[in-house]
Amino acid sequence: ATILVLHGPNLNLLGEREPAVYGNTTLADINSNLTAIATGRGHHLLTMQSNAEYELIDRVHDARLEGVNFILINPAGFTHTSIALRDALAAVAIPFIEIHLSNIHAREPFRQKSWFSDLARGVICGLGAHGYELGLQAALHNLEQS
Ligand code: DQA
């Protein structure tokens, strides 16, 4: 199967960005770890990071045409603002898991609302970079069942 991992704005700075909140692992580390796991189990993993809302929306649209089977997404700051990215995921109807490095429920009130969680198969937050690995395990489990 094909799994798409989408990273929202500012996640290109992982490793140097507020390490006390987001950890020391870089985005390249996260992506290469996920690629190794997916490839090892005979699947195909695509990754993309963008700081631009429309690029993420276009990537979600393209995912449908490419036959992507599952999406892992950390919408980052767009979690709390982007009805448009939410609508894109609803439109393509590809199952997705929402991931956050930090525990958004233990932070500022404006981070506690997500426009994605009610559409997501599941939500993982507060477990740092390990959360992506857990999300991938859940996605693969789901795909290998069906
Ligand atoms: C984040 C949490 C968001 O509130 C924040 O805007 C981010 C990252 C996380 O992974 O913890 O950029 O999605």
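**Strands, annotated residues and the ligand shell**

Reader: How many C-beta neighbours does Asp-87 have inside 10 Å?
Author: Asp-87 counts as partly exposed, the class between buried (20 or more other C-beta atoms within 10 Å of the residue's own) and exposed (12 or fewer), with C-beta atoms placed from the backbone. The place of this residue is in helix 4, where helices (H or I, at least four residues) and strands (E, at least two) are DSSP runs numbered from the N terminus. For Asp-87, the number of C-beta neighbours inside 10 Å is 14.

Reader: What pLDDT do local features need in this predicted model?
Author: Residues are numbered from 1 along each chain as its sequence is written. In this predicted model, totals for chains, interfaces and linings use all residues, side-chain atom pairs count only at pLDDT 80 or more, and local features need pLDDT of at least 70.

Reader: Which strands stand at the edges of the open sheet?
Author: The open sheet has five strands in the order 2-1-3-4-5, with parallel pairing, two strands being paired if DSSP finds at least two bridges between them. An edge strand has a single partner strand, so one of its sides is left without a neighbour in the sheet. This describes strand 2 (44-49) and strand 5 (122-125).

Reader: What angle separates neighbouring strands of this sheet on average?
Author: Axes here are lines fitted to C-alpha atoms, for helices over the stretch in contact, and angles between N-to-C directions run from 0 to 180 degrees. With direction ignored, neighbouring strands of this sheet are turned against each other by an average of 15°.

Reader: Which helix packs on the sheet, touching strand 1 and strand 2?
Author: Strand 1 (residues 2-7) runs parallel to strand 3 (residues 70-74) and is joined to it by five bridges, with His-7 standing opposite Asn-74. A helix touches strand 1 and strand 2, its direction making about 165° with that of strand 2, where contact means that the C-beta atoms of two residues, placed from the backbone, lie within 7 Å. The element that packs on the sheet in this way is helix 2 (residues 27-40).

Reader: Which residues of strand 3 point the other way from Phe-70, Leu-72 and Asn-74?
Author: In a regular strand the side chains alternate between the two faces of the sheet. Five of the five residues of strand 3 are buried, so this strand is largely enclosed by the rest of the structure. Strand 3 pairs in the parallel sense with strand 4 over three bridges, and Leu-72 stands opposite Ile-97 of strand 4. Phe-70, Leu-72 and Asn-74 point one way, and the residues pointing the other way are Ile-71 and Ile-73.

Reader: What is the largest C-alpha distance within the UniProt "active site" annotation?
Author: The unreviewed UniProt entry places this annotation on Tyr-22 and His-100; its positions follow the numbering used here, feature names are shortened, and annotations may be inferred rather than shown by experiment. Although spread over 79 residues of sequence, the two cluster in space, with a largest C-alpha distance of 9.2 Å.

Reader: Which residues does His-100 touch, not counting those up to four places away in sequence?
Author: His-100 lies in strand 4 and is buried, with 22 other C-beta atoms within 10 Å. Once residues up to four places away in sequence are set aside, His-100 touches Asn-74 and Cys-125.

Reader: How far apart are the farthest two C-alpha atoms of the "binding site" residues?
Author: Under "binding site", the unreviewed UniProt entry lists Asn-74, His-80, Asp-87, Leu-101, Ser-102 and Arg-111. These residues span 38 residues in sequence and do not all gather at one spot, because their farthest two C-alpha atoms are apart by 24.0 Å.

Reader: How many residues of the shell around the ligand are charged?
Author: The shell consists of Asn-10, Asn-74, Ala-76, Gly-77, Thr-79, His-100, Leu-101, Ser-102, Ile-104 and Arg-111, a residue being near a molecule or strand if its C-beta atom, placed from the backbone, lies within 6 Å of it. Ala, Val, Leu, Ile, Met, Phe, Trp, Tyr, Cys and Pro count as nonpolar, Asp, Glu, Lys and Arg as charged, and the others, Gly among them, as polar. The shell divides into three nonpolar residues, six polar ones and, for the charged class, one.

Reader: What is the phi of Asn-10?
Author: Asn-10 lies in the loop between strand 1 and helix 1 (19-22) and is partly exposed, with 14 other C-beta atoms within 10 Å. Although Asn-10 is not a glycine, its phi is positive, at about 75°.
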